[in-house]
Amino acid sequence: MQHESTAVETAKMKTAERPSKWERIRSHLNMRPVEDDEPQAWWIASTAIPLVAAATGPLANVMSVVALVQPWRSDILSKTKGPAGNWLQEGYPDPHWITALNAVSLVCGIVGNAFLLFNFTQIVRYIIALPVTIILWFLATGILCGITIAMDVYAPPVGVDRVFSQAYWSAVIAACLYFVLSIILMINMLGYFLGKYPQHFSLTDEQRTLILQMTAFVIWLLIGAAIFQRVLGISFADALYFSDVTVLTLGFGDITATSAVGRGIIWPYAVIGIIILGLVVGSIHKFAREVHYDNVIQKHIEQKRQSTFDRSISSAELCASKGKSSTRDIDPPSVALQKPKSSHHHSRRPLRNTLSAIAAGRRPKITIIREEKDRFDAMRRIQHDTLRFRRWNDLIISLIAFGIVWSCGAIVFWQLEDLSYFDALYFCFASLLTIGYGDFTPQSNAGRPFFVMWSLIAIPTMTMLISQMSDTIVASFKRATSAVADYVVLPQSHLYKSFLGRIPWVANYMNSRQEKKRLERGFPLEGASKAEEGGNSNSARVGQSNNSGDLATAHPYRSLEELIRDPTPLELAQQLAFAIRRATKHAREGKHKRYGYEEWVEFTRLIKFTDPRARPPSQRAQPEAAGDSIDLDEDEYGLLNWDWIGENSPMLAKQTEPEWVLDRLCESLIRYVSTQEDRAAGAELEEPTLKKERDIGLDE
């Protein structure tokens, strides 16, 4: 008996120690808290899917509204075209149970869409709102699928002149949309349970605005459908189709306003609708560019940068090993850096920039500057390659999306309408370009609801394609025409001179003519020839700008050799003020200006000189050990040090270069003012002590 009780207790202990099924499932989950700033994976699931669901959900609600307000079966009265541009037909009542279930599905769809919006605005928690949306949309899908199948089995339109109406096919489209949106939201929830992102939608204010704009647009379509149904005397589904064709500026002409009231309502309705549509398309385009840049272009930049970074480390280590074997007094090149421990963890310590390396004072300044220029040029090449990659990658993606929308739409219209596949392609292309000839239009009850849904997806796709073409093909064509115009339409003399100057005998002839003209004018005074002939005199190059009265932009172009000289602190303070004014002007112009390396060296000097620990020994108040605080990344005022191909490179910033430089220069100005205040306070403290010492000396 005692043995049996011991066995039972042992079994209970094993059962207690064995994890339950829910605990085993939970052990595989890694849900992150709301306030989580760690990097996010599955960017399509975390950003694109919720935005697509929120923008497409209202469209599914519109299709559900059409399915509710009209009968699902119609009698064809005549096969002649009526006011709606298709056969004259009239709906007859549906069974009451279909209407009731249809209303329930509409309520489920609208409430699910509302909970999704509450999720975006964080009124309701993610873990509550998203499951509610998914369940309600699945429920709406099930109800619509059930009643459409039941209608087809138990109450189909019997007879040659009886067909399913546009409302029936709108219900089919709504069911498909609800189902697809529920599936993609489940993918989003799966990513949350696997710890790919925290429990909130990482959307910006612009992306949330897109949701409101899309909601306003579909509401405007419903308002137009309700108005034009009464004014034009057509069905609600045909009125929705007419509103869609009007706002999209297609103008097929199959449905037209014949009364004065209808024509008077069209122009304010069309103007407001086109404005809302423009906002929606602009927001979609901006969102697509942002998502593509953050998740595709940035990875391309990082791969290129890391590849260049690793090559520079390898070459630096090789030079360092050679240097150690030959002498112990020479530092490794300025490109040296500790190698990252892994490919996923990069050292955040930047390489020594130009002025930091000069401050060490152990290597020739011109050598250090030229080495840094190589790194700068490498990053510029990465920038140029990335710009080209971004433009053509965007264009290719837009072309693929356009091809899918065009060809798939043509297949559907080929099956639904009395068209050949070539005619369907022609119709879709004319619709995508908003040409709207009107020779082919959707006539069937299934074709018109599908056209409303397809056009609202296809037109923004075509608009984005045209925008991408303007950045690549159109820009290249514009540059080519400008180059031709420089030679033909508006000829530039210097272009012809530079082209003909490559021919030896023509160059000799031109030089001889210039020599004759110079002799005829007489020789200029000594010292003025360099200014006239474009010599290297800085004062000559600044003179023209000084005459214009813009002192901030009247700065000379200094070569690397000229940048070696260390200006005095007073000169640097004056240059800092002028540089701030110059950078402000460039930032205000709004252009993507890129500074040359020589300009960057000047800016870097103006940023670094306000830090007392990074000044040359001759300009320090007290001598410091070589290399003290040289590798300081930043202080309490802002950034001090960076590497051209490092993670904190100015060329990787989201700001333009003038904006980035302006921020750093302002930080340097604040640092300079605080330094002067500290010196003034120190002088005030030292003054009584000096006076006391002077009095003691006089007494003695």
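Aspartate 238 counts as buried, at 6% relative accessibility. The model is predicted. Its partner in a salt bridge is arginine 448, with N and O 2.9 Å apart. Arginine 448 is buried too, at a relative accessible area of 0%.

This pair links distant parts of the chain. Aspartate 238 sits in helix 8 (residues 236–247) and arginine 448 in helix 13 (residues 447–471). The two are 210 residues apart. Asp254 joins them: Asp238, Asp254 and Arg448 are linked in a network of salt bridges.

The whole structure holds eleven salt bridges. The table lists some, including the pair above.

| Acid | Base | N to O distance |
|---|---|---|
| aspartate 238 | arginine 448 | 2.9 Å |
| aspartate 385 | arginine 388 | 3.6 Å |
| glutamate 667 | arginine 664 | 2.8 Å |

Two of these pairs lie within one helix. Aspartate 385 and arginine 388 both belong to helix 11 (residues 365–416). They are three residues apart, about one turn of the helix. Arginine 388 is partly exposed, because its relative accessibility of 46% falls between the 20% and 50% limits.

Glutamate 667 and arginine 664 lie in helix 21 (residues 657–699). Because they are three residues apart in that helix, about one helical turn separates them. Both residues are buried.

Why can such side chains pair? Opposite charges can do so when their charged atoms come close. For aspartate 385 and arginine 388, the closest N and O atoms are 3.6 Å apart, so the pair meets the 4 Å cut-off for a salt bridge.

Definitions and conventions. Residues numbered from 1 in each chain as written. Predicted model: local features only at pLDDT ≥ 70, side-chain atom pairs only at ≥ 80, totals over all residues. Heavy atoms only, no water. Salt bridge = Lys/Arg side-chain N within 4 Å of Asp/Glu carboxyl O. Helix = DSSP H or I, 4+ residues; strand = E, 2+ residues; numbered from the N terminus. Buried < 20%, exposed > 50% of the residue type's maximum accessible area, 1.4 Å probe, protein only.
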